[in-house]
Amino acid sequence: MDVLANTTHFHIFTWVVGIIIFIVAAGLDSRSKGRKIAHMIARLFYVLILLSGFMLFMKYSGGDAALYGVKFLLGLLTIGMMEMVLVRSAKEKSVKVVWILFFVFLLATLFLGFKLPVGIAWFA
Ligand code: HEM
């Protein structure tokens, strides 16, 4: 499995696809069958994001444990907001605040990810 954590490519693939499927799911009618299927695929990608992130974490977090810990937490919160948007909209509850939090956590996660040294380090 080391091959998946030697670069950040697998992790980037999982969160790019995961976020696209999440946005597609959120755009579908909350009672439709397509939405349920898209939500299931999104959940599969949450697991892949976590798995790929965790593998990178195990391999590289020794470099700066605190900052890698924050990256882990922000990634988890982003996924948490994605799930909350889909579950709350399916129950027809308001999702405005959760969408805002999703974007805030997503931006913070992207910024820190691109700041940390492995792979792309635009803000290092
Ligand atoms: C939707 C959620 C997530 C997004 C958008 C995201 C985004 C990113 C980005 C942009 C990078 C930098 C890639 C690069 O520099 O080439 C990255 C790296 C990383 N991510 Fe995530 N991530 C997410 C979830 C997670 C989770 C849940 C974990 C932990 C389990 C995690 C752990 C890591 C680690 C350890 C790195 C390597 C940091 C480094 O560049 O040194 N990520 N992530």
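User: What geometry does the site of the iron atom of the ligand have?

Analyst: In this predicted model, the site of the iron atom of the ligand is octahedral, with angles of 82 to 176 degrees among its six donor atoms.

User: And what would ideal angles be for six octahedral donors?

Analyst: For six octahedral donors, the ideal angles are 90 or 180 degrees.

User: Which residues coordinate the iron atom?

Analyst: Coordination of the iron atom of the ligand comes from H11, through NE2, and K71, through NZ, at 1.9 to 2.1 Å. H11 belongs to helix α2 and K71 to helix α4, so the pair ties together parts that are 60 residues apart in sequence.

User: Is H11 buried or exposed? And what about K71, buried or exposed?

Analyst: H11 counts as buried because its relative accessibility is 11%, under the 20% limit for that class. K71 also counts as buried, at 18% relative accessibility.

User: How many residues surround the ligand?

Analyst: The ligand is surrounded by 26 residues, and the closest are T8, H11, Y68, K71 and I120.

User: Which polar or backbone atoms lie 2.9 Å, 3.4 Å or 2.7 Å from the ligand?

Analyst: For H11, a polar side-chain atom lies 2.9 Å from a nitrogen atom of the ligand. Two residues are placed through the backbone: an N or O atom of V118 lies 2.7 Å from an oxygen atom of the ligand, and one of L116 lies 3.4 Å from an oxygen atom of the ligand.

User: Switching to the interior: how many residues are in the largest nonpolar core?

Analyst: The largest nonpolar core has 23 residues, and those with the most contacts inside it are F22, Y46, M82, L86 and F102. Two or more residues each come from α2 (9-27), α3 (33-60), α4 (65-90) and α5 (96-115). Helix α4 gives the largest share of this core, seven residues.

User: What does M82 touch?

Analyst: Setting aside residues up to four places away in sequence, M82 touches G18, I19, F22, Y46 and F102.

User: Where is T109, and what does T109 touch?

Analyst: T109 is in helix α5 and is buried, with a relative accessible area of 11%. Not counting residues up to four places away in sequence, T109 touches K71, L74, G75 and T78. K71 in that list is one of the residues that coordinate the iron atom of the ligand.

User: And L112, what does it touch?

Analyst: L112 touches L67, V70, K71 and L74, again not counting residues up to four places away in sequence. L112 is found in helix α5 and is buried, at a relative accessible area of 8%. From L112 to F123 is eleven residues in sequence and 8.2 Å in space, C-alpha to C-alpha.

User: What about A26: where is its place?

Analyst: A26 has its place in helix α2. With a relative accessible area of 23%, A26 is partly exposed. Beyond its neighbours within four places in sequence, A26 is in contact with R35, V85, L86 and W99. The C-alpha atoms of A26 and V118 are separated by 32 Å, and the two residues are 92 residues apart along the chain.

User: One last topic: which residue other than glycine has a positive phi?

Analyst: E92 has a positive phi, near 60 degrees. Most residues other than glycine have a negative phi.

User: Where is E92, and is E92 buried or exposed?

Analyst: E92 is placed in the loop between α4 and α5, and E92 is exposed, with a relative accessible area of 55%.

Terms used
Residues numbered from 1 in each chain as written. Predicted model: local features only at pLDDT ≥ 70, side-chain atom pairs only at ≥ 80, totals over all residues. Heavy atoms only, no water. Core = buried A, V, L, I, M, F, W, Y, C linked by side-chain atoms within 4.5 Å. Buried < 20%, exposed > 50% of the residue type's maximum accessible area, 1.4 Å probe, protein only. Helix = DSSP H or I, 4+ residues; strand = E, 2+ residues; numbered from the N terminus. Contact = heavy atoms within 4.5 Å. Donors = N, O, S within 2.8 Å, 3.2 Å for Na, K, Ca; no water. Tetrahedral: all angles 85-135°; square planar, octahedral: opposite > 155°, others 65-115°. Near = heavy atom within 4 Å. Polar contact = N/O pair within 3.5 Å; in protein donor to acceptor, adjacent residues only side chain to side chain.
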